[in-house]
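This briefing sets out the strand pairing, the contact between chains, and the packing of a structural model. The topics are taken in turn below.

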Amino acid sequence: MHKVWLAGIVLLTSLCAKAQYKGYGTMKDEAVFRAQFKEASRKINTIQSDFVQEKNLSLLDDKITSRGKFWFRRENAVRMEYTSPFQYLMVVNGTDVYIKDSKKENRLSSGSNKLFRQINRIMIDCVNGNALDSKDFTVQLFSGSNDHLIALTPVEKTLKTMFSHVYIFVDKGDFSVTRVEMHEPSGDHTLIRFVNRQMNVNLPDALFVAR
Amino acid sequence: MRYLLLVSIWLAAGCRSAYEGVRIASARPCIEAFQPEFSRVVYSAQAEVAGRHLTGLLMIKAMPDSSIRMVFTNEAGFKFFDFGFSGDNFTVYYITEQMNRKAVLKTLRKDFELILMQHTRQPFAVIRKKDEWYYDFKNGKDHYYYITDSACSSLLRMERGSSRKKVVEAYLGNFTNHMPDTIAIRHVNFNFTITLQQLDDDAAE
């Protein structure tokens, strides 16, 4: 009987270990982290940052790298401007969405599109600290040497088809989001690294005009 | 009676084949020289589908097993499809639920097979029409036409259709290292166009 229990514990331990991100261990005091992360996020009214995005295609053993600028303003205004190797602008302000590619402009409401609404929500939740309370995901917390990891696993049906996991990396010093990884069931993943981050800088309204 | 005659003339004119011309009994196989070699390339993609505008990135890559993979994502990285082409074989590695329709897959497969020149190893016929030579490769009910000048020194355009009607036309432009810088695919019977512009992304990063 003891052997069965032992085998069960070993199996569970190995499964838990597999769920962890390499280089990150179990967080010692989740309650403290949650409180600190929420408090730090509450103090962030704006973010201005450069970003590097990598689309990793596992089966092709290849990736597409793009760069741009990112702006966030509380509560839910985001501007992402891709500048290299293509030009693409997306502004989300509440439920209004403005998209401009190299040829066309498009205005739409994220409220009318379930998929867009969910993606929009993930993006905003990642930066305003609400990711820990998301009802669309189960949340696991881990710690590394330099940063914390919020591991999100989707529970909502549509999100499950898009992502196996979403990993949010949080700086141990200022609790700002440094990296987001969106892993797909196929094995591909998209990584967004935020660099040259500036908090609470004055951002003009014009940046977030989505109409 | 006069009315019937007019209708007959109109019908005859309307039924004239888009591929009517002088058939050349023997012509040297010169088309293979124009086959693009997609070692690894990323295009900025724009598609107009029935009034809807769609943009993203299309990666085309030659795999070690000689197959060609095509992956289309939006700018933010969300994948729409991942196709594999190998000779006459077509593999759908991934496609979003919204795009997973038989007609969509069939259309995309044939459009990309046209530009990849997947069916040019088969026997062909040649039709001369004014100064243009149509190299006609049959695959099932479809005809894949590669249209050159009379000397076969340049590929003017590509077309797919039946033996009588054109369904789609494609243009490949500005080749560098056997890869076109621009690709345009236009359907003639419904509003569907794809335009691709090569991006200077750094694969080694």
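In chain B, strand S10(B) is joined by four bridges to strand S11 (residues 166-176), and the two run antiparallel. The model is predicted, and the values here should be read with that in mind. The points that follow begin with S10(B) and its partners, then turn to the contact between the chains, the nonpolar cores, and chain A as a whole.

**Strand S10 of chain B and its partners**

- Within the pairing of S10(B) with S11(B), B:Met158 has B:Ala170 of S11(B) as its bridge partner.
- S10(B) and S11(B) make up a hairpin, with four residues lying between the two strands.
- Strand S9 (residues 142-149) of chain B is also antiparallel to S10(B), and six bridges join this pair.
- One position in the pairing of S9(B) with S10(B) is given by B:Tyr144, whose bridge partner in S10(B) is B:Arg160.
- S9(B) and S10(B) likewise form a hairpin, here with five residues between them. In its turn, B:Cys152 has a positive phi of about 55°.
- Strand S10 of chain B spans residues 155-161, and five of its seven residues are buried, so this strand is largely enclosed by the rest of the structure.

**Contact between chains A and B**

- The two chains meet through 22 residues of chain A, which are in contact with 23 residues of chain B.
- On the chain A side, the elements that contribute two or more residues are strand S2 (46-57) and strand S3 (62-73).
- By residue class, the side of chain A that touches chain B comprises eight nonpolar, seven polar and seven charged residues.

**Nonpolar cores**

- The largest nonpolar core has 40 residues; those that touch the most other members are A:Val92, A:Cys126, A:Ile150, A:Val166, A:Ile168 and A:Val177.
- Once neighbours within four places in sequence are set aside, A:Val166 is in contact with A:Ile122, A:Phe137, A:Leu152 and A:Met182.
- Another core, of 37 residues, lies apart from this one, and its members include B:Ile31, B:Tyr43, B:Met59 and B:Tyr145.

**Chain A as a whole**

- Four helices and twelve strands are found in chain A.
- Of the 211 residues in chain A, buried residues account for 31%.
- When contacts in chain A between residues at least 6 apart in sequence are considered, 47% join residues at least 24 apart.

Note on methods
Residues are numbered from 1 along each chain as its sequence is written. Chains are lettered from A and ligands numbered from 1 in the order in which they are written. This is a predicted model: local features need pLDDT of at least 70, side-chain atom pairs count only at pLDDT 80 or more; totals for chains, interfaces and linings use all residues. A nonpolar core is a set of buried Ala, Val, Leu, Ile, Met, Phe, Trp, Tyr and Cys residues joined through C-beta atoms within 7 Å. A residue is buried if 20 or more other C-beta atoms lie within 10 Å of its own, exposed if 12 or fewer, and partly exposed in between; C-beta atoms are placed from the backbone. Two residues are in contact if their C-beta atoms, placed from the backbone, lie within 7 Å. Ala, Val, Leu, Ile, Met, Phe, Trp, Tyr, Cys and Pro count as nonpolar, Asp, Glu, Lys and Arg as charged, and the others, Gly among them, as polar. Two strands pair if DSSP finds at least two bridges between them.
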